[in-house]
Every structure is written in structure tokens, then in C-alpha cells.
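Here is a short tour for a first-time reader. Look over the sequence and the model, then read on for pockets, sheet and helices.

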Amino acid sequence: MSKLKELGAAGQSVWLDFIRRDMVTNGELAALVNEGVTGVTSNPSIFQAAIAGSDLYDEDVAAADGDALAVFESLAIADVRGAADVLRSVYDSTDGYDGYVSLEVSPTLADDAEGTIADARRLWDRVNRPNLMIKVPATSAGIVAIEELIAAGINVNATLMFSMDDYEAVAMAYVRGAERTDYPERIASVASFFVSRVDNKVDPALDAIGTDEALALRGIAAVANAKLAYRRYQEIFEGPPFATARARGARPQRALWASTSTKNPAYSDVLYVDELIGPSTVNTIPPATIEAFRDHGTIDPTALTTDVDAAERHFETLAALGVDMDAITAELQVEGVASFADAFNGLLEAIDAQQGSA
């Protein structure tokens, strides 16, 4: 059994955090599916790397009519449809539990609930695949949109969560939407909780404090944060808050670990895979981290539920040292929205420039 299928046997789905046309057309994605990949996620940065960072799309861009946004959407939707078709067998064989491909609403709409809802509905109709998930950021406006989209029967990948407040708001938006929808047994959703970026922000704060106690706490916050989010997942979706929706036939909204490539070379390159294994979860993993996990990853099905009390104490210690996690996680979400907006705008500019030179 492959390592990725072993993760599946432990209750965790592996989704590829990458999409590009050649992977869909040359059989690479199909091979990964055979190995145990059961989904695909995308975001504006991934599409920027694929479309502006390769020559795979040059001819289509040059020949396309319409403005840069229309060209981007036509290219992205073609890739998402192709990936969804490759994964359709997974979707069918798991009765809609797995096999999804994610496509994000415009990041320029992060603070516009009505605009997000309209964009999500439009993309849902254009892609026209039951195994699509529309990605919506967990901003205040996004929370409103998530509930309405779930109620409308549109699958949602809620993204850019960094704090327990983010997670709680997204989970309860899903619960409310699942209680209202006419399609409870059909709806699917994941809550994308970002991981490595937390260490990237907390570690410098500990470096600035500079004491031995502070320095010894580096590289712990991200996993501890995810463990506490998973405990809250269990409380909500295995407990009373989800009881009404569960009785209507709705599935829980699974926790998904995002940003799981290790940025700090001092840490294991599979840290955010090895330490985040647990039932009813998804880990969306970029290609290089999948390769590393194949080679030397380890599988402990109890990783997420081990030392959860220690994770809570870790944050108490951080607070005592003066590390403001609320401020850090809020800043991370603002930076995440801005980063995706920058990538989106940069991609449109690259398309526009290429059209102008054609």
C-alpha cells in the first residue's frame, strides 16, 4: 500500500495543493489518484505560477478574445473541469465524500458578502461539476457568504483560517447552512485551517523575546493551533451543535490542513503532515511535500489527538511571554487575503501584457 493510501486508511484524505494543465492532460494527476490522492485545491497563487510561470497556456492566451479576467477564467475553468473529471470516479465511489476540486472566488471580493455569493454562484454554474468546491475566505463577509452558499446547495471550501475564532465562525456558518439547505445529504464542505504560516509569524516574535524559554518554544505553535482546532471540530460535529443537521442527513464539514509545506529548513520537511494525522480530516499537500512524505513520512493515526492539553498550555505560555496570538492570526488573515489579491492582479496583468504583444 502506498504511503498516501496509508493516510487514507488512517482517516485522512490527501488533496493535491496544485493544478496545472499538463498534469491533467498527461496522466500525472490520474497516476496520483491511483496512488491515493483524492482531491485537488487551487488558489490565485497556484494559477499565477501555472499560467504566467509556464508556456503551457501561451497559445490560448494569445488567441483568446475578451479581457484578461475572461481569459483567466476560461483557462482556470477548463483546468478545474479536467481535474474534476479525473476525480469523478473518486467522487462516485465515495458517494460524494471525496473527489473534489476547489476554485476560489475573486480575492478582490473578500470584504463583499453579496459579491462573493454572486461570484460563487456564477462559478458554480460555469464549471458545472458536482465535485466542485468554491473557495471562500473566512473574513467577516465570507462567513455570511459561506452560510448562504451551503444553504443554496453549493459545496464550499472555507479558506484562510488561522485562529480558533476563525474556525468557530466557519464551522457554525456551515451548521446553520446545513440546517437550512434542501440538499443536506448532497452538500460537502471543508474548513481550510492554515498551518505553517503560524510558525512563520510566531517564531520571529519568540526570536525577538530572545530568552532561552522563548527560543525553546519555536516551531510548536502551528501544530498546537491545529490540534486545538481539531478538538473544536470534534466538539461541534460529533456533539450537539451539529445534531439537527446530522439528523437531516448532512455530513460534517471536515477540517482541512492548508499551507503544509515546511518553510523553515530547520524543521522536518514533513512536519505538517506527520503531526496532523487524524480521522475525518484532509491535508492538502504540494507536490514537493508529497514526494518528501513518500520517502520518509511517518503515520500515527492518533497524532492530532495526542498532547492536546499540552497544546493548550503552549498558548498559555506564549501569552505569558507577551506573544499576542489574536493579533498574529488576524494579521495572517489580512496578509493572506492581500497575497492572493496580489497574485490574482499580477496574473491578470501578465495575461494582459501577453495579449498586447500577440
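## The second largest pocket

This is a predicted model. Start with its second largest pocket, which has 22 residues in its lining. Five of them lie nearest the centre: Asp17, Asn43, Ile46, Arg197 and Ser259. The space inside comes to about 280 Å³.

Which elements supply at least two residues each to this lining? One is a helix, H4 (44-52). The others are strands: E5 (156-161), E6 (189-194) and E7 (254-258). H4 gives the largest share, three residues. By class, the lining of the second largest pocket holds ten polar, eight nonpolar and four charged residues.

## The largest pocket

Now turn to the largest pocket. Its volume is about 440 Å³. It is lined by 22 residues, and the closest to its centre are Ser163, Met164, Asp165, Asn225 and Asp326.

Four helices each give two or more residues to this lining. They are H10 (164-180), H13 (221-237), H17 (308-321) and H18 (325-357). Which of the elements gives the largest share? H18 does, with seven residues. The lining of the largest pocket divides into nine nonpolar, eight charged and five polar residues.

## The barrel

Strands of a sheet pair through backbone hydrogen bonds, in either a parallel or an antiparallel way. Here, eight strands form a closed barrel, and their pairing is parallel. The order is E1-E2-E3-E4-E5-E6-E7-E8. On average, neighbouring strands of this sheet are turned by 30° against each other, with direction ignored.

One pair shows the detail. Strand E3 covers residues 100-104, and strand E4 covers residues 132-137. The two pair in the parallel sense over four bridges. Opposite Lys135 in E4 stands Glu104.

## Helices on the sheet

H10 packs on the sheet and touches E5 and E6. The direction of H10 makes about 165° with that of E5. H10 is also one of the helices that give two or more residues to the lining of the largest pocket.

H13 lies across three strands: E6, E7 and E8 (281-285). H13 runs at about 165° to E7. Like H10, H13 gives two or more residues to the lining of the largest pocket. E5, touched by H10, and E7, crossed by H13, each supply at least two residues to the lining of the second largest pocket.

Conventions: Residues are numbered from 1 along each chain as its sequence is written. This is a predicted model: local features need pLDDT of at least 70, side-chain atom pairs count only at pLDDT 80 or more; totals for chains, interfaces and linings use all residues. Side-chain values use heavy atoms; hydrogens and water are left out. On a 1 Å grid over the protein atoms alone, a cavity is a set of points where a 1.4 Å probe fits but cannot get out, and a pocket is an open set with protein on both sides within 12 Å along at least five of seven lines; lining residues have an atom within 4 Å of a point. Grid points are joined across faces, edges and corners, and a volume is the space filled by probe spheres set on the points. Ala, Val, Leu, Ile, Met, Phe, Trp, Tyr, Cys and Pro count as nonpolar, Asp, Glu, Lys and Arg as charged, and the others, Gly among them, as polar. Two strands pair if DSSP finds at least two bridges between them. Axes are lines fitted to C-alpha atoms, for helices over the stretch in contact, and angles run from 0 to 180 degrees between N-to-C directions. Contact means heavy atoms within 4.5 Å.
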